[in-house]
2 protein chains.
Amino acid sequence: MASPDAAAVPERGSVGPSPAQARVITAALDLFARHGVGATSLGMIATELGVTKAAVYRQYKSRDEIVLAAAETELARLEAVVAAAELEPSREQARDRLLEGMVDLCVGGRRRVSTILSDPVVDGFFVEHDQFRDVMRRLRRIMVGEGAGPEGRVTSAMVIAATSGAVTHPFVQGLDDEVLRAQLLSLARRFLGLPT
Amino acid sequence: MASPDAAAVPERGSVGPSPAQARVITAALDLFARHGVGATSLGMIATELGVTKAAVYRQYKSRDEIVLAAAETELARLEAVVAAAELEPSREQARDRLLEGMVDLCVGGRRRVSTILSDPVVDGFFVEHDQFRDVMRRLRRIMVGEGAGPEGRVTSAMVIAATSGAVTHPFVQGLDDEVLRAQLLSLARRFLGLPT
DNA sequence: GTCTATAGTGCGATAGAC
DNA sequence: GTCTATCGCACTATAGAC
């Protein structure tokens with residue numbers, strides 16, 4: 001265990017990206033959202049950061065590692081939302097908190113979330129990714145409960161897809177962020193049969 | 001105008017892909033769904049078809065044209081669904097028909113629809129694409145009516161995203177197609193406030 | 001409509017100096 | 001941690017024979 005004082009200095013080490021890695025991830029996620037995952041090269045990331053490719057390779061051994069780390073960063077954001085929801089005293093409050101967090105994530109990230117979530121390569125990473133499965137299981141538990149069958153599975157999949165996918169649709173282009181947020185939240189609640 | 005008999009031979013010409021082009025599009029859409037749009041090269045399409053790259057270039061002048069033509073093919077499928085719905089006598093029946101067609105498209109296409117729909121490059125094509133805008137406008141009109149404000153815009157965007165995005169989610173992996181189809185339809189109807 | 005061959009470019013990745 | 005320089009390869013696209 002670390003000494004009490006060590007908690008002040010953000011303790012990472014084996015887990016979590018270094019500041020330099022975080023800058024790579026941020027640039028990567030931005031480019032993914034603009035060009036798609038598969039169309040974003042390591043050189044583009046380097047240019048975005050104002051450095052050369054070799055400097056990027058100092059942070060990650062391969063392009064695939066960058067894609068994985070970027071996806072895991074987005075997953076960590078979702079995990080934080082789920083974890084916060086789990087701290088709520090009641091199921092109802094947990095569900096409310098979860099929906100708010102998800103909507104904020106998607107509206108704030110605009111294209112970021114949906115691009116990551118719908119990329120086939122990222123999906124390949126996630127299919128056997130323990131943390132991803134865990135977060136998704138916990139998310140579904142809050143959203144539709146423990147013993148939900150096919151209906152619960154499809155319902156939760158639709159809410160996730162609807163929230164992340166709707167924010168990129170032309171229909172909502174030009175809509176104020178606050179309006180979009182409120183509508184997404186209200187409609188997601190209605191979808192789950194909750195009082196509005 | 002063509003002679004009456006010419007109607008037997010499928011008349012295309014200025015519009016719609018030739019049979020050879022259609023094979024390219026089919027291969028492209030399949031590869032897009034497996035690897036993503038940006039990660040699919042012209043060489044991969046050629047290999048999938050069992051020909052060389054030069055043969056593919058005979059059908060389309062550039063890779064971008066293939067992406068565009070593939071996206072337009074998917075759009076045409078949606079347009080057919082919208083057009084069929086518009087022929088229904090009542091608004092209620094039109095909406096039912098639309099939802100059924102959309103669900104069938106997404107379940108049948110699995111990853112195809114969501115990958116195309118969420119790719120940033122494709123989205124760039126579609127933003128100023130007249131037919132795309134027209135189809136979307138007609139779709140929304142059927143789904144939420146003519147004078148729907150922000151709520152209608154967000155609602156329709158969410159239904160589209162939910163339907164196309166949910167079918168690729170791990171939650172529904174292993175679910176029977178018929179069960180998935182029925183659940184998607186029933187839940188989309190509930191989302192729109194329709195009787196189930 | 002298919003092929004081979006080729007041009008030119010950009011890619012992922014590494015070596016080694018500073 | 002950044003650079004320059006480089007390797008080998010795959011990519012888009014074209015030319016020209018069959």
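Q: Before we start, when does a charge count as sitting over a ring?
A: When NZ of Lys or CZ of Arg is within 6 Å of the ring centre and within 35 degrees of the ring normal. Keep in mind that this is a predicted model.

Q: Sure. So what sits over the ring of B:F191?
A: The charged end of A:R190, 5.8 Å from the ring centre. There's also B:R140, which lies over the face of A:F171 at 4.9 Å from the centre of that ring.

Q: And aromatic pairs, how many over all chains?
A: Three turn up in a search of the whole structure. One of them is A:F191 with B:F191: the ring centres are 5.1 Å apart and the planes at 80°, so that's edge-to-face. A:F191 is in helix 10 of chain A and B:F191 in helix 10 of chain B, so the pair joins two chains.

Q: Is A:F191 buried or exposed?
A: Buried, with a relative accessible area of 4%. B:F191 is buried too, at 3%.

Q: What about B:F126 and B:F132, stacked or edge-to-face?
A: Stacked, because their planes are at 5°, with the centres 4.3 Å apart. Both B:F126 and B:F132 are buried.

Q: Switching to cavities: how many of 30 Å³ or more?
A: Five. The largest holds about 390 Å³ of space.

Q: Which residues lie nearest the centre of that one?
A: A:S118, A:S164, A:G165, B:S118 and B:G165, out of a lining of 29 residues.

Q: Which helix gives the largest share of the lining?
A: Helix 9 of chain A, with five residues.

Q: And how do the lining residues divide by type?
A: Into 15 nonpolar, twelve polar and two charged.

Note on methods:
Residues are numbered from 1 along each chain as its sequence is written. Chains are lettered from A and ligands numbered from 1 in the order in which they are written. This is a predicted model: local features need pLDDT of at least 70, side-chain atom pairs count only at pLDDT 80 or more; totals for chains, interfaces and linings use all residues. Side-chain values use heavy atoms; hydrogens and water are left out. On a 1 Å grid over the protein atoms alone, a cavity is a set of points where a 1.4 Å probe fits but cannot get out, and a pocket is an open set with protein on both sides within 12 Å along at least five of seven lines; lining residues have an atom within 4 Å of a point. Grid points are joined across faces, edges and corners, and a volume is the space filled by probe spheres set on the points. Helices (H or I, at least four residues) and strands (E, at least two) are DSSP runs, numbered from the N terminus. Ala, Val, Leu, Ile, Met, Phe, Trp, Tyr, Cys and Pro count as nonpolar, Asp, Glu, Lys and Arg as charged, and the others, Gly among them, as polar. Rings of Phe, Tyr and Trp (its six-membered ring) pair if their centres lie within 6.5 Å; planes under 30 degrees apart count as stacked, over 60 as edge-to-face and the rest as tilted. Buried means under 20% relative accessible area, exposed over 50%, partly exposed in between (1.4 Å probe, protein chains only).
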